[in-house]
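Work through the exercises below with the sequence and the coordinates open. Each task is followed by a stepwise solution.

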There are 2 protein chains.
Amino acid sequence: MKKEEHLAHMRHSLAHLLGASVMELYPGSKLTLGPAIDNGFYYDIDVAGKITDSDLGKIEKKMHELLKTWHSFEKKIVSKEEAKKIFAGNEYKEELIDDIEKKGEDITLYTSGNFTDLCRGGHVEDPSKEIATGSFKLDRIAGAYWRGDEKNKMLTRIYGLAFNNKSELEAYIAQQEEAKKRDHRKIGKEMGLFVFSDLVGPGLPLWTPNGTIIRELLNDYVWELRKEKGYQKVCIPHITKKELYETSGHWAKYADDLFKIHTREDHLYAMKPMNCPHHTQIFASEPKSYRDMPKRYAETTMVYRDEQSGELSGLSRVLSITQDDAHVFCRENQIEDEALAIWDIIEKFYGTFGFDLQVRFSRHDPQTPEKYMGDEEVWIKAEKALENIMKSKKVEWIDGLGEAAFYGPKIDFIAHDSIGRVLQVATIQLDFNQPKNFGLVFTNEKGEKEGVVMIHAAIMGSIERFMSTLIEHLAGVFPTWLSPIQVAIIPVKDIHTEETDKIVRELKNADIRIDHFDYNDSLGKRIHSAKKMNTPYIIVYGDKEKESGVLTIEKIDGTKIQMKLDQLISHLKLEIKNRS
Amino acid sequence: MKKEEHLAHMRHSLAHLLGASVMELYPGSKLTLGPAIDNGFYYDIDVAGKITDSDLGKIEKKMHELLKTWHSFEKKIVSKEEAKKIFAGNEYKEELIDDIEKKGEDITLYTSGNFTDLCRGGHVEDPSKEIATGSFKLDRIAGAYWRGDEKNKMLTRIYGLAFNNKSELEAYIAQQEEAKKRDHRKIGKEMGLFVFSDLVGPGLPLWTPNGTIIRELLNDYVWELRKEKGYQKVCIPHITKKELYETSGHWAKYADDLFKIHTREDHLYAMKPMNCPHHTQIFASEPKSYRDMPKRYAETTMVYRDEQSGELSGLSRVLSITQDDAHVFCRENQIEDEALAIWDIIEKFYGTFGFDLQVRFSRHDPQTPEKYMGDEEVWIKAEKALENIMKSKKVEWIDGLGEAAFYGPKIDFIAHDSIGRVLQVATIQLDFNQPKNFGLVFTNEKGEKEGVVMIHAAIMGSIERFMSTLIEHLAGVFPTWLSPIQVAIIPVKDIHTEETDKIVRELKNADIRIDHFDYNDSLGKRIHSAKKMNTPYIIVYGDKEKESGVLTIEKIDGTKIQMKLDQLISHLKLEIKNRS
C-alpha cells in the first residue's frame, strides 16, 4: 500500500474513533457522515446536547482510551432491514441506507471495539498499533448542514488533524500557525495594499497606491523578461459576442461560469474568462507568411468568472482576475524553442523570489475523451512535444494524468513557498485545437497554407493569486525593488526637517520611493509607523547626523549601516537594479 | 440676427429650393421633410422615378434657375382642410398636417416663387439676393426611411452643402477631402494599428502590437506628467454591485446606458461606465487626516457603455473606452492649485502634438435643475471656483451654459486640429456632490470632520477617441517617439545582410524600434513597405554604405541626411527624449 493511501486509512479510522467517542460521551447523538480529508478527518453529528471547542480535550481523551481497545475492523454485509434495525432512530443513516440500496450496492458495516458504523471501508488493519498516540489532534468545531443543503438541519462538525506521526503533526501545526501570521489578508490590510468595499462587492479587490506599485513592478518585470524574448504587447476589450466562444469551444464547456450581458439591442455578450480567443482575432486579422512566424502576443488584463460567493477568499479567489497572459502563434517546428524560452522566463522570475519549482506534466486522460476537444492523435502529438521539452530540460516531472486543459496538455510549475506549502503557479500550455477552430494558418515556404500551433503561457498566472502567495512567502517583507516605500526618513525634531527635506528631494530625484515622517508626533510613534510598512531602510535624522554628515540607516533585519547620502543612493540603485 | 442663425435660414431656404426643383423635374414626386443641418440641408423625397448621383448636376442647375425668381417667402396660416387640399395625394404631408393639428399648433405654409410648402418657418427674406450662387452644392444621395422607421417606405434623401459664401464652401469641401484622406479607419488599417472582428463584435477594437505601442507611449507620457504632480496609480475591477451606483447617483441617471450582469446567484452587477465611484471606495477605505490631503489617484482603465450599434464608428465611438482617468480628493482651499496643475499637464500634452486649445466653461443651467444633483448654492460655489481659475490663467472662455456634468461644472478643453476641425478633448470637472453621497471626509487641524472635494480630470479622455483624433491630425505620420517603427533598414542585396544585422542589433540595444526588410523581395517593394508604415527614418544599405561607413537616411519628409551609425543613434535618442 502506498504511504498516502495508508494515511487516508488512518484518517478514516480516526473518524470512526471520533464517532465512537462522541456516542459514549453524548449518548443519544446521531452520527451522520465521517470522512478522511486533506489534513485529517471530520465527523458530522446531530449532537444530543451541545459540543463546543472546550469539549474537544475530553473527546480526544476518550479517543485515546478507546484506541487502545481497537485491534481490527470487522466487515459485515447486511440486508437493508438488518441495517435499518441497527440504526433505528437515526434518520440520517436510514437515508444513507436507502441510497446505498437504490444504487444496488452492498450495505456494509464495520466494527472496531464496541463500535459499529455504516461504512464503505478503507481502514487500517490494527488501529491500536498503526495509529501513534501523538499523531492526531482534534482541531475545531464548525456547523454544517446535512448534505450541504441549507434547508436541512445544521449539524456539528468536529474536525481532527492526523498525520503519520507526532513530528509530522507538529510540523503541520507549526506551519499553520506561521501561515496565520503571514495571512495575506491580514498583512494586506496592515500594509494597506488592497481593500474591499461592500458597495462594490465581494471578490472585487480595489488596489491602493501601495498595492498598485507592487502589481505594476511585478508586471513590468515579467514584461522585461518577455521583451527580451521578442514578445509584443496587444490590447483587447473585456467583452465579446458569444459567437467568439462558440467558435473557440468555450461556450459549450463553460457557459455557466461566464458573466453574461444582455445588451439594449438584445444581443448576448459575455465578459471574457480568458484571452486566447480574442488574441486569435488579432493574429487572424492579416494574412501571415512563414516570415511572420512566430507571433508572440502578451497582455496583462483582467478576466472575469462568475464564482459562487462562498468560494471567494481574499486575493486567492476573486471575481476579477488579472492575468499576465501571453499566446505564441508558431509553427510545429518552433514549439520547442518557444516553450524553452517561456521556461527560461519562469525560472528567472520565480528564482528572483526564492521559490523552488517542480514540474507537473498535465496530460489528457484517454479514458474520459468527453472532457477534451479534438482528436486523440493530435493530443498524442502535443504531449510528445511537451515530453521532449521536459527531457531536454533534464527535469523529473510529476505525472498529471487527466490534468490537461480541455484544448491541450500543459507543463505546470509547482512552487514550494518559504513555509513549505505547495502551490501551482506558472504554466505552459500547448494547443492544436483552438487554432483549428479559428482556421489559423500561415503560408509556408512552398506557398501552401499550414496550420498554426498556439502556446498559452502565463508567468504569474493571476496577479491576485501570485500576490497572495508572495505576501505569505515573504511575510510582507518585500525586497527593496518591490517595496512600496523604500526609505523612511524621520527627523528627530522639527528643526531637522530643513535637512531631511533636502534628503527627501535627492532620493526622489534618484527615483527612490520615500516616506517623510515630518509631522508632529512622537519619535517612537513615527518609527513604529515606518516599521509597520516593513520599510527596508529607515533613517532617523538628528543632531549627530547633521554634524557628521553620515546617516545611520536601520535595515529591515534590524542591522544598522552608516553611509553618506550619495553612498546610500548608489547602494540602493544597485540593489534595486539587481532585484536583490 | 446672429450670423449662425442667418446661415441656418439660408440652408432651410435651400431645402425649399431643392424640393421645388425636384418637383419640376420629377413631377408626381412627393416631398416629405427638408431641414437645415450642420453643413447644409437635405430633403427626403418619395421620388416619381429614380434619382441617382449623376442627376445632381441637373437638379442643381434647376435650383440656380429658380433661385433667381425667388424674392421672398410668403407666410400663410391655413385650416387643416385647406392644407389637406393643397397636399392632396401626398400621404406624408397629410400625416404631418394631422400631427401639427394634434399638437394644437398653427398650420403654416410658405411660398416662394411658384412653390408652396408646409413649413414652420425660418427662411431668409430674399433668397435671390441673400444666397450667393457659389455658396451651395448638392452633395450626395442616400436612402432614409420615412420618420426613420425601417417599417416605413425608403425615401430618397438628397444632401446639399451650404455656407455663407463660395470661399467658405470651397474651404469646407477641401477640408472634407483632406479628412477623407486622413480617415483614421483607413490609416489605422493601412498601418495595422487596430482591427475589428465579427466574432468579437462592433465597437470593440482589438489593438495590434503596433497600435498598442502607440497607446502605451501616449499613456506613459500622461503618467510622466502626472507623476511630477504627485499622482499615484490605483487599480479597480470593471464591475460592481449596483449599490455603488445607487449611492453615487449614476444608477438613477444612467441605468439604461449600462451593461448589466445578472450573476449566477442572481445579484445585479454593472460594468463600470466611469471610475469615480470605485475610486471613492479606495479613498474611503482608511480614515484620512489633513496631512494626507490631497490624494491624487490615476488609472488608465476601460469603461463600458451600452451604445446603440448604429452609433458606433471606428475608434471615435466604441463600446470599450479606455480612459486615462484621475480623481483628486482635496480640500476646498486646494482646488485652485490642483486644477492649475491639471491645466499644466493638459497644455504640455496637447502642445506636444501642436493642437491649439480653447477653453469652455461648462456650467449648470438653473432653468433645468432636474438635470443636476445637489443644491444650487453648492453649484454656485463650484462654478465660482472654476471661474477664478480661468481668470488666474487669463484665458477667454466659451460659455457652456447647461453643459455641466450632472455632479458638477467643468472646464472643457477644445482642440483645433491641423485641418481646422474642432474637438472636445480634456476636461477638469469639479464635484462637491459625489463626495457628499459617499460621505467622504477628512479630519482637519481642529480635529473636526471636513467634507472632501473631488476633481475629475482625464487628459486624453478616451484613448480610442484621442487616437482617432491624433491619427487624423497627423495624417498617420507619427513623430519618431510615437512611431511603432522608428527606423527601417533595407539591405540592397543579400550580401549586405551581414552588415545590416549588425546595425539592427546596435539600434535594438539603444532601444530603437526597427524593422529589418531582409527578405527576398525587390528593393522597390521593400522600400514601399517601409514607407507604407510612415517610418520616420529609412536606411537603404548597399555597397556604397559598406565602403564609406556612412549611412544615407531618408526622412519621412523626403529629405536625406548622411550620418555614421553612432551619430544616428545619438540623434534619434535626443529626438525621442524631447518628443520632438
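**Exercise 1: a salt bridge across the interface**

Task: find the partner of Asp511(B) in a salt bridge, and give the separation of the closest N and O atoms.

Solution. The model is predicted. Asp511(B) pairs with Lys227(A). Their closest N and O atoms lie 3.2 Å apart. The cut-off is 4 Å, so the pair qualifies. Next, widen the search to the whole interface of chain B and chain A: six salt bridges are found. Then turn to polar contacts. Between chain B and chain A, 25 residue pairs count, with both residues at pLDDT 80 or more.

Now ask which element of chain B gives the most to the side that touches chain A. Helix 8 (residues 209-228) does, with five residues. By residue class, that side of chain B divides into 26 nonpolar, 19 polar and 16 charged.

**Exercise 2: the extent of the interface**

Task: how many residues does each chain bring to the contact, and how much area do the chains bury?

Solution. Chain A supplies 61 residues, and chain B supplies 61 residues. Together the two chains bury about 4,900 Å². Carbon and sulfur atoms carry 60% of that area. In chain B, the residues losing the most area to chain A are Leu199(B), Cys235(B) and Arg264(B), together 14% of what that side buries.

**Exercise 3: chain A by itself**

Task: describe the make-up of chain A in helices and strands, then its burial.

Solution. Count elements: chain A has 19 helices and 28 strands. Then take burial: 53% of the 580 residues of chain A count as buried. Finish with the surface. Chain A exposes about 26,300 Å² of accessible surface, 47% of it belonging to carbon and sulfur atoms.

Note on methods: Residues numbered from 1 in each chain as written. Chains lettered and ligands numbered in written order. Predicted model: local features only at pLDDT ≥ 70, side-chain atom pairs only at ≥ 80, totals over all residues. Heavy atoms only, no water. Contact = heavy atoms within 4.5 Å. Buried area = accessible area lost by both parts, 1.4 Å probe. Salt bridge = Lys/Arg side-chain N within 4 Å of Asp/Glu carboxyl O. Polar contact = N/O pair within 3.5 Å; in protein donor to acceptor, adjacent residues only side chain to side chain. Helix = DSSP H or I, 4+ residues; strand = E, 2+ residues; numbered from the N terminus. Nonpolar A, V, L, I, M, F, W, Y, C, P; charged D, E, K, R; others polar. Buried < 20%, exposed > 50% of the residue type's maximum accessible area, 1.4 Å probe, protein only. Areas by Shrake-Rupley, 256 points an atom, 1.4 Å probe, with all protein chains shown as cover.
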